[in-house]
Amino acid sequence: MIDEALEHLVKGIVDNPEEVVITEKSSRGGTTLEVRVHPEDIGKVIGRNGRTAKALRTVVSAIAGRSVRVDLIEADEVR
Amino acid sequence: MSEAVDEKVKDKKSLISQLEEEGDVAADYLEGLLDIADLDGDIDIDVENDRAALAIAGGKLNHLVGGRGEVLDALQELTRLAVQTSLGERSRLMLDIDSFRSDKKAELAELAKETAKEVKKSGEAIKLRPMNAFERKVVHDTIQEIGLTSESEGEDPDRCVVVLPE
């Protein structure tokens with residue numbers, strides 16, 4: 001559910017919603033959600049001084065009821 | 001009607017329809033989130049102080065507000081961006097969830113009660129400080145519960161509640 005929530009939040013604020021891909025990774029440290037967006041959208045999801053990235057983390061963690069790590073990545077970046 | 005006034009009326013209308021459109025886009029964004037998160041909430045769309053104003057009422061949405069309203073601020077920020085992405089215009093929309101800052105609400109209710117007491121005693125109307133729509137609503141509701149009447153007067157941002165004697 002939390003990956004879907006993040007996907008919805010991100011898709012609504014980018015110009016290329018069809019290129020948004022969320023990957024959920026769980027480890028001992030907790031849940032990490034990796035968000036891949038079109039290179040043109042990376043600035044939008046990070047925002048000035050990381051403001052948008054922080055807002056995404058805040059809302060997603062609140063919905064999940066625990067701290068969730070959100071990593072924002074350009075889609076063409078090599079894994 | 002002169003042309004200048006005509007033009008002004010048109011501007012006002014287009015501003016309101018633009019804000020209503022903002023409200024609709026914002027509501028879709030928020031509704032989508034509530035659906036995914038399986039949260040119950042009714043979204044109310046309004047235009048206040050030349051801004052789109054959205055209010056989610058659900059009763060069990062404290063976690064979407066946060067202790068100091070930080071989650072609400074974050075969600076408001078994202079909703080503004082969603083509107084900007086969709087409509088191409090910067091948005092100044094306001095978001096409220098379950099009439100957050102209940103302490104503020106309690107404080108206003110207390111002010112309303114004190115004022116009602118004074119009005120009953122003196123038999124004269126009392127005008128309160130300018131308040132936003134949310135604040136005025138809290139005061140009106142409290143005054144009504146007490147059994148007095150109140151009305152709003154003036155234009156935003158100077159709109160005030162006046163508590164009337166019996």
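In this predicted model, Q76(B) sits in helix α2 of chain B. Its relative accessibility is 12%, so Q76(B) counts as buried, the cut-off being under 20%. Setting aside neighbours within four places in sequence, Q76(B) is in contact with L93(B), M94(B) and L95(B).

A little further along, T79(B) belongs to helix α2 of chain B as well. T79(B) is buried, and here the relative accessible area is 0%. Leaving out residues up to four places away in sequence, T79(B) touches A26(B), Y29(B), L30(B), L93(B) and L95(B). L93(B) and L95(B) thus turn up in the contacts of Q76(B) and again in those of T79(B).

L81(B) is another resident of helix α2 of chain B. With 18% relative accessibility, L81(B) makes it into the buried class because that class takes in anything under 20%. What does L81(B) touch, once residues up to four places away in sequence are not counted? The answer lies in chain A: L81(B) touches I13(A) and T52(A). Within chain B, L81(B) and S91(B) are 10 residues apart in sequence, and their C-alpha atoms are 7.5 Å apart in space.

Helix α2 of chain B, residues 70–87, also has a place in a wider arrangement: together with β2(B) and β3(B) it makes a β-α-β unit, and that unit is right-handed. The two strands of the unit pair with each other as well. β2(B) and β3(B), the latter covering residues 94–97, run parallel and are joined by four bridges. One point along this pairing is A55(B), which stands opposite D96(B) of β3(B).

β2(B) has a second partner. Strand β1 of chain B (residues 42–48) and strand β2 of chain B (residues 51–57) run antiparallel, with seven bridges between them. In that pairing, D42(B) has A57(B) of β2(B) as its bridge partner. So β2(B) pairs antiparallel with β1(B) and parallel with β3(B), each pairing meeting the requirement of at least two bridges. As general background, side chains in a regular strand alternate between the two faces of the sheet.

Just past β3 there is a backbone oddity. D98(B) lies in the loop between β3 and α3 (102–122) of chain B, and its phi is positive, about 40°, although D98(B) is not a glycine. The relative accessible area of D98(B) is 25%, which makes this residue partly exposed. Another one to look at comes later in the chain: the peptide bond from D156(B) to P157(B) is cis, with omega near 5°. P157(B) is in the loop between β5 (149–153) and β6 (160–164) of chain B.

Turning to the partner chain, chain A has three helices and three strands, and along the sequence they follow the pattern α-β-β-α-α-β. Of the 79 residues in chain A, 43% are buried. Counting contacts in chain A between residues at least 6 apart in sequence, 58% join residues at least 24 apart.

Helix α1 of chain A (residues 2–11) has a buried set made up of I2(A), A5(A), L6(A), L9(A) and V10(A). Why do these residues lie on the same side of α1(A)? They cover an arc of only 130° around the axis, which puts them on the same side of the helix. The spacing fits a general rule: an α-helix has 3.6 residues a turn, so residues three or four places apart point the same way.

Chain A has a positive phi too. N49(A) is not a glycine, yet its phi is about 55°. This residue is in the loop between α2 (42–46) and α3 (51–64) of chain A. Is N49(A) buried or exposed? N49(A) counts as exposed, because its relative accessibility of 79% is over the 50% cut-off.

That leaves the interface. Here 17 residues of chain B are in contact with 18 residues of chain A. About 1,600 Å² of area is buried between the two chains, and carbon and sulfur atoms give 74% of it. How many salt bridges are there between chain B and chain A? The count is one, and its partners are the side chains of E77(B) and R51(A), with an N to O distance of 2.8 Å. On the chain A side, T52(A) is one of the residues touched by L81(B).

Conventions. Residues numbered from 1 in each chain as written. Chains lettered and ligands numbered in written order. Predicted model: local features only at pLDDT ≥ 70, side-chain atom pairs only at ≥ 80, totals over all residues. Heavy atoms only, no water. Right-handed = clockwise from strand over helix to strand, strands pointing away. Buried < 20%, exposed > 50% of the residue type's maximum accessible area, 1.4 Å probe, protein only. Arc of directions from axis to C-beta. Contact = heavy atoms within 4.5 Å. Buried area = accessible area lost by both parts, 1.4 Å probe. Salt bridge = Lys/Arg side-chain N within 4 Å of Asp/Glu carboxyl O.
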